[in-house]
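I opened a new page for this one. My plan is to look at how the pieces touch one another.

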Amino acid sequence: MSELITPGNLSHLHLLLNHFPTVGLTVAFALLIVSILSDSEAMKHDTMRPTALGVLFAIAVMTLPVFTTGLAAEGAIEKLPGVSKAAMDAHENSALLAFVVLELAGASAWFGLWRWRRTRRIPPGITILTFVLSAVSLGLMTIAASIGGGIRHPEILADPSTAGAQSVFSMSAAGVAFFVNGRGHQWVWPTLESAHFVGMTLWFGILLIANLRLMGWFTAIPYPSLHRLLPWALLGFGVNEVSGMMFYIATPKGYTTNVVFYWKLIFLLIAAADLLYLTVWPQAWRTEAGTPVHVRERVIGAAALATFVAVMYCGRMLPFLGNSF
Amino acid sequence: MTALHDSAFSTWIREAETVWAFPTVLTVHTFGMMLLVGCAWVMDLRLLGVGRTIPIGPLRPLFRIMWFAFWINLATGVLLFIADPERKATSMLFWSKMLLILINLPLIKRLERAVFGNTSAPTVVSGGARQLAAVSAALWAGTIFAGRLLGYM
């Protein structure tokens, strides 16, 4: 697959995937608004609102490769005539803030789904929080997308002289990079690595026992009791996403041209899908102590465990396989 | 230590131009850590009161998985030490990591006895078992930090 990792392909991938946080987020937000305005109890509690939260969680996950391919696209076009480095930096910084808020919206949506699975109700507080966070991230995403479009299409700018102007709604990627590996910050990278490993063992341990239960081991444990541990797995994912993104932003060139990193991203998306499955899947929720296990759950569980091992293998082997560091 | 460092085996693990030497040993060590500490977190979280509806009795095999993973990591850990003995033997971080593990191993034995000593289906967790679980979890976090920092210092 390494011959596919060309600057042109990564640019193209960024242009394809960036529809998730723009068009996709708009759709998820619209579903959420309709479910809030609707008088129907079924729409609120059974159909549309859980769907809106699920789509929002999926969009938040899919935005991870959007952000990472963005830095790869920058490497592809930075030397082309007429491309402004300042415009790309402005796009990256506004996209970073939009990304952070969208991830918070995704976490909030996940928590709503988790509560919904347990009580058949999504608490109003979580609905409001998810609504506010997704509205803010949609606004920020629009700004980021607009600045991004201007990089190669100056004709869409009302005033071309504004190309490269930083939006006030941004988070400095250069600031993050300086915090991670700037002068005098030698302790930050190793500390983040340690946190990355603690987070990894946390989500792995919990998702391991939950999947094993659905595959037919630990049959004396009712699955709904293990479901109670899932927020701790999300916490582990969160620690790893924050620390992982800090590594990436600090040293993008170690990753953008490394095929192993893209494999890790693909496996990570599948692992996130497994978390969603463990959170809402009705057959999983109905697995009481001693319930016989369906072959479908065994296959899904085995695939999920193989995926976790693959995520870890790709992460650990990043410096050795491929060409980074 | 210098003789060990210069031995053919040490040199092979450290310098062989193949992913089957140092990278694979390190990766298996990381797999073992995931399994050992991952299962420890699940056990400790339950004993500390997260997911009180999870029956404790059926969780007991987690201890067997933890010991299985421990032996894998002892073996791969020895190989990693052989690959780089001089730096590790003189590193405070390395000896701190060893100390944390040496304190934790008997704690885990005591924890299993405290929870499953009298019954195979415990329903309440004693205050003593909770304290052991909290200390053991903190020691695992410390072990991961010491091990990870060792790669950079």
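Before counting anything, I settled what a contact is: two residues are in contact if their C-beta atoms, placed from the backbone, lie within 7 Å. I also noted that I am working from a predicted model.

Entry one, between the chains. With that cut-off, I got 27 residues of chain A in contact with 27 residues of chain B. Which elements of chain A each supply at least two residues of the side that touches chain B? I found helix 8 (188-215), helix 9 (223-227) and helix 14 (295-317). Helix 8 of chain A gives the largest share of that side, 13 residues. I then sorted the side of chain A that touches chain B by class, and wrote down 20 nonpolar, four polar and three charged residues.

Entry two, inside chain A. I looked up how chain A is divided and found domain 1 (1-171) and domain 2 (172-325). Taken over C-alpha atoms, the centres of these two domains of chain A are 21 Å apart.

Entry three, where the domains meet. Here I have 25 residues of domain 1 of chain A in contact with 21 residues of domain 2 of chain A. On the domain 1 side, the elements giving two or more residues are helix 4 (48-77) and helix 5 (85-119) of chain A. Helix 5 of chain A brings the largest share of that side, 10 residues. What is the make-up by class of the side of domain 1 of chain A that touches domain 2? My tally for that side reads 15 nonpolar, six polar and four charged residues.

Note on methods
Residues are numbered from 1 along each chain as its sequence is written. Chains are lettered from A and ligands numbered from 1 in the order in which they are written. This is a predicted model: local features need pLDDT of at least 70, side-chain atom pairs count only at pLDDT 80 or more; totals for chains, interfaces and linings use all residues. Domain bounds come from an automatic or database domain assignment. Helices (H or I, at least four residues) and strands (E, at least two) are DSSP runs, numbered from the N terminus. Ala, Val, Leu, Ile, Met, Phe, Trp, Tyr, Cys and Pro count as nonpolar, Asp, Glu, Lys and Arg as charged, and the others, Gly among them, as polar.
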